[in-house]
Amino acid sequence: MLRIRLFANPIEKVEPYLNRMAAKGYRLQSIWSCFYMFEKTEKTYRYMTQYVGTIANNTWKEYIAFLKEGGYRIFHAPLNQGNIVFGKIKVRPFAHGSGTIATTPGRYNKEILVVEYEGDKPRSLLTNKEDLSRQYASIRNTYLYGTVLMMVLLGLWIRKMVSDTPSPWNYLLGLPLLVVTLFFGWMAIQSWRSEKKYKEMALLEE
């Protein structure tokens, strides 16, 4: 069974969606961009997700191998939902080590780790509040980087509007640029708030 899903915030929304499907008796078979393939099953499965876009490549490979040795089934979902690309290179200045370069084929569009396990008890890949704080810091940096890029494009559009005679096409171009810029900025703020919340909770636990 094929399902097409676009999530405004996939880091937080993919996991509950997959667990809702699992509760209905559907097991995940594959993820490609915004396409999710399921099959009917009589067994009970659950899913947990983790943002891994900033992990160095060697660490990432060792982590995946460790999870597979533990009997977990591994999938990857993209942070940029619906983005279908081949032969693309992306620079992540906020990542660690070799994780600063992501390519296709490679780790581009594989920023969200999806882990499947059999059973009905919820589990988590993150063990403490400090881990959660660091994860949201990585998410914040991702959206902040996108916000800066979109602001540059928006600035170029404004410059063109000032220097040229405005036309309907100019306005049509500016609207999606503004919407995406505001969305990335809003997500960066939300991630920063989550980072701050879990950092404070981690300090209280010490």
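**From a buried glutamate to the cores of the chain**

Glu116 counts as buried, because its relative accessibility is 3%, where the limit for burial is under 20%. The model discussed here is predicted. Glu116 belongs to strand β8, and its carboxylate-bearing side chain is a convenient point of entry.

The side chain of Glu116 has polar partners within the protein. One polar contact, of 2.8 Å, links it to the side chain of Arg27. Another, also given as 2.8 Å, links the side chain of Glu116 to that of Tyr47. Leaving aside residues up to four places away in sequence, Glu116 touches Arg27, Leu28, Tyr45, Arg46, Tyr47, Tyr72, Arg73 and Phe75.

The strand β4 comes next. Strands β4 and β8 run antiparallel and are joined by seven bridges. Within this pairing, Tyr45 has Glu118 of β8 as its bridge partner. Six of the seven residues of β4 are buried, and the strand is therefore largely enclosed by the rest of the structure. Gln50 is also located in β4. Its relative accessible area is 11%, so Gln50 is buried. A polar contact of 2.7 Å connects the side chain of Gln50 with the side chain of Tyr63, and Tyr63 is one of the buried residues of helix α2.

Helix α2 covers residues 57-69, and its geometry can be checked against expectation: at 1.5 Å a residue, its 13 residues should span 18 Å, and the end C-alpha atoms are 18 Å apart, which agrees. The expected figure rests on 1.5 Å times one less than the number of residues. The buried residues of α2 are Trp60, Tyr63, Ile64 and Leu67. Viewed down the helix axis, they fall within an arc of 100°, so they line one face of α2. An α-helix has 3.6 residues a turn, so residues three or four places apart point the same way. The buried residues of α2 pack against β4, β5 and β8. On the other side of the helix, Asn58, Lys61, Glu62, Phe66 and Glu69 are exposed. After α2 comes Gly71, with a positive phi near 90°.

The nonpolar residues can now be considered. The largest nonpolar core has 25 residues, and those with the most contacts inside it are Leu18, Leu28, Tyr36 and Val114. Two or more residues of this core come from each of α1 (10-23), β2 (26-32), β3 (35-40), β4 (45-51), β5 (73-77), β8 (112-118), α3 (129-163) and α4 (168-205). Helix α1 gives the largest share, six residues. Apart from this core lies another, of 12 residues, which includes Val52, Ile64, Val115 and Leu125. Ile64 is also among the buried residues of α2. In soluble globular proteins, nonpolar side chains tend to be buried together.

The overall layout places these parts in context. The chain has four helices and eight strands, and along the sequence they follow the pattern β-α-β-β-β-α-β-β-β-β-α-α. Of its 206 residues, 43% count as buried. Among contacts between residues at least 6 apart in sequence, 73% join residues at least 24 apart. The contacts of Glu116 with Arg27 and Tyr47 can be viewed beside this figure, as they join a residue of β8 to others elsewhere in the sequence.

Note on methods:
Residues are numbered from 1 along each chain as its sequence is written. This is a predicted model: local features need pLDDT of at least 70, side-chain atom pairs count only at pLDDT 80 or more; totals for chains, interfaces and linings use all residues. Side-chain values use heavy atoms; hydrogens and water are left out. A nonpolar core is a set of buried Ala, Val, Leu, Ile, Met, Phe, Trp, Tyr and Cys residues joined through side-chain atoms within 4.5 Å. Buried means under 20% relative accessible area, exposed over 50%, partly exposed in between (1.4 Å probe, protein chains only). The arc is that of the directions from the helix axis to the C-beta atoms. Contact means heavy atoms within 4.5 Å. A polar contact is a pair of N or O atoms within 3.5 Å; within protein, one must be able to donate a hydrogen and the other to accept it, and residues adjacent in sequence count only if both atoms are side-chain atoms. Two strands pair if DSSP finds at least two bridges between them.
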